[in-house]
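Please work through the exercises below with the sequence and the structure at hand. Each task is followed by a solution in steps.

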Amino acid sequence: MSFSKRCKKEILKKEPDYKEIDMELLAYFYFQGSIRIVNNSYQILFKASENIEARYIYKIIKEKYNYSPAMEIQNKRKFSKDRSYVVLVEDSEVADKILALADSYSLYEFEKFFENIKSRNEKKIILKLAFLLKGSINDPYRGYNLEINVQQKEEALLIGKIMEEFSINPKLNLRNDSYCVYIKDSDKISDFLALIGANKSLFDLENVRAMKSIRNDINRQTNFDKANIDRTVKAAFRQVDAINKLKEKNILENQAEDLQKIAELRLAYPYISLEELGKMMTPVLSKAKVNYRLQKLIKLAESEE
């Protein structure tokens, strides 16, 4: 099962927010509901891609109106096991009540609907249902991306505006005749998952982020150490080469005793650090003083070329 499906199932296994049941119903209706007329009366259809999704809206309607809607199962393609679900409100009185509730919130007038959403909890419910019905999220091992794809620009603007109120600041993009509201910042994705109550998925995401951070730190340290080793080896080769040239031309034997001693040590121990070389001198020399003497030998060898 994908990370996205696990995230959605985690949310759907929880009970709807019955204290805000009107918004639970309206948000589902807004993103995945439709109306049909049968014998001059209205029926309401709620589409669902998973059985657990259908049960979610079923519970909301049952709690709100003490009415059990019908359930329909449809094959998406002929002879296919891939199914979709429809929760059907056939009772015209219940359907009328749902439509009246939608009218009271001005559900299909973007600005008015946004103004009628008063509480933070109601706004969280809209984001939750938008993600459940229209959203997806990448497996964090493969990268960070959460997106919600809707058909109407007003739906995208509503989602984006509510996200901005929670300082999430998504991007909006037109993609194949639909609108995509997306987040790529891992911090913001974490904030979004916390808002919609996907706590386990949030924990899994943070675990991956922590592992990636540790791995990146290790890689940076490894690269840093490798670069230091490379620099040390190159410097040592240059020093040894200079000392050998001075010996070949009998110039080294005419230098000060401390220069001769440091040169002998470098030839004997070409791969040890300047600090270790300094400790082998009598008296002990600092790293800077060892480096000064070796650089002096290099310049002397270069002047003799």
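**Exercise 1. Locate N39 in this predicted model, and describe its backbone and its accessibility.**

Step 1. N39 belongs to the loop that joins strand 1 (33-38) and strand 2 (41-48).

Step 2. Most residues other than glycine have a negative phi. N39, which is not a glycine, has a positive phi, near 55°.

Step 3. The relative accessible area of N39 is 75%. Exposed means over 50%, so N39 is exposed.

**Exercise 2. Carry out the corresponding analysis for S106.**

Step 1. S106 lies in the loop between helix 4 and helix 5.

Step 2. Phi of S106 is positive, about 50°, although S106 is not a glycine.

Step 3. The relative accessible area of S106 is 16%. The limit for a buried residue is under 20%, and S106 is therefore buried.

**Exercise 3. Determine the form of the peptide bond from T282 to P283, and place P283 in the chain.**

Step 1. Most peptide bonds are trans. The bond from T282 to P283 is cis, and its omega is near -5°.

Step 2. P283 is situated in the loop between helix 11 (274-279) and helix 12.

**Exercise 4. Describe how helix 10 and helix 12 pack, and list the residues in contact.**

Step 1. Two packed helices are described by the angle between their axes and the distance between the axes.

Step 2. Helix 10 spans residues 257-268 and helix 12 spans residues 287-303; their axes come within 10 Å and cross at roughly 90°. Angles of 65 to 115 degrees count as roughly perpendicular, so helix 10 is roughly perpendicular to helix 12.

Step 3. Helix 10 contributes D258, L259, I262, A263 and R266 to the contact, and helix 12 contributes V290, R293, L294, K296 and L297.

Step 4. Sorted by class, the contact between helix 10 and helix 12 comprises six nonpolar residues, four charged residues and no polar ones.

**Exercise 5. State how many aromatic pairs the model contains, and analyse the pair of F29 and Y108.**

Step 1. Rings pair if their centres lie within 6.5 Å. The count comes to seven aromatic pairs.

Step 2. F29 and Y108 have their ring centres 6.4 Å apart, with 70° between the planes. An angle over 60 degrees counts as edge-to-face, and the pair of F29 and Y108 is edge-to-face.

Step 3. This pair links distant parts of the chain, 79 residues apart: F29 is in helix 2 (residues 21-32), and Y108 is in the loop between helix 4 (92-104) and helix 5 (110-116).

Step 4. F29 counts as buried because its relative accessibility is 1%. Y108, with a relative accessible area of 56%, is exposed.

**Exercise 6. Classify the pair of Y30 and F31, and name the residues of the ring cluster.**

Step 1. The ring centres of Y30 and F31 are 5.0 Å apart and the planes stand at 80°, so this pair is edge-to-face.

Step 2. Y30 and F31 are both buried.

Step 3. The cluster linked by ring pairs consists of Y28, F29, Y30, F31, F46, Y108 and F113.

**Exercise 7. Identify the rings over which K8 and K161 lie.**

Step 1. K8 is placed over the face of F131, 5.7 Å from the ring centre.

Step 2. K161 has its charged end over the ring of F114, at 4.6 Å from the centre.

Step 3. K8 is also one of the buried residues of helix 1, along with F3, S4, C7, E10, I11 and L12. Helix 1 (residues 3-12) is mostly covered, with seven of its ten residues buried.

**Exercise 8. Establish whether S186 and S190 are buried or exposed, and which residues they contact beyond four places in sequence.**

Step 1. S186 is found in helix 8, and S190 is also in helix 8 (residues 186-195).

Step 2. S186 has a relative accessible area of 14% and is therefore buried. S190 is buried as well, at 6%.

Step 3. Beyond four places in sequence, S186 touches Y144, L205 and R209, whereas S190 is in contact with L202, L205, E206 and R209.

Technical notes. Residues numbered from 1 in each chain as written. Predicted model: local features only at pLDDT ≥ 70, side-chain atom pairs only at ≥ 80, totals over all residues. Heavy atoms only, no water. Axes fitted to C-alpha atoms, helices over the stretch in contact; angles between N-to-C directions. Helix = DSSP H or I, 4+ residues; strand = E, 2+ residues; numbered from the N terminus. Parallel < 35°, antiparallel > 145°, perpendicular 65-115°, else oblique. Contact = heavy atoms within 4.5 Å. Nonpolar A, V, L, I, M, F, W, Y, C, P; charged D, E, K, R; others polar. Phe/Tyr/Trp six-rings, centres within 6.5 Å; stacked < 30°, edge-to-face > 60°. Buried < 20%, exposed > 50% of the residue type's maximum accessible area, 1.4 Å probe, protein only. Lys NZ or Arg CZ within 6 Å of the ring centre and 35° of its normal.
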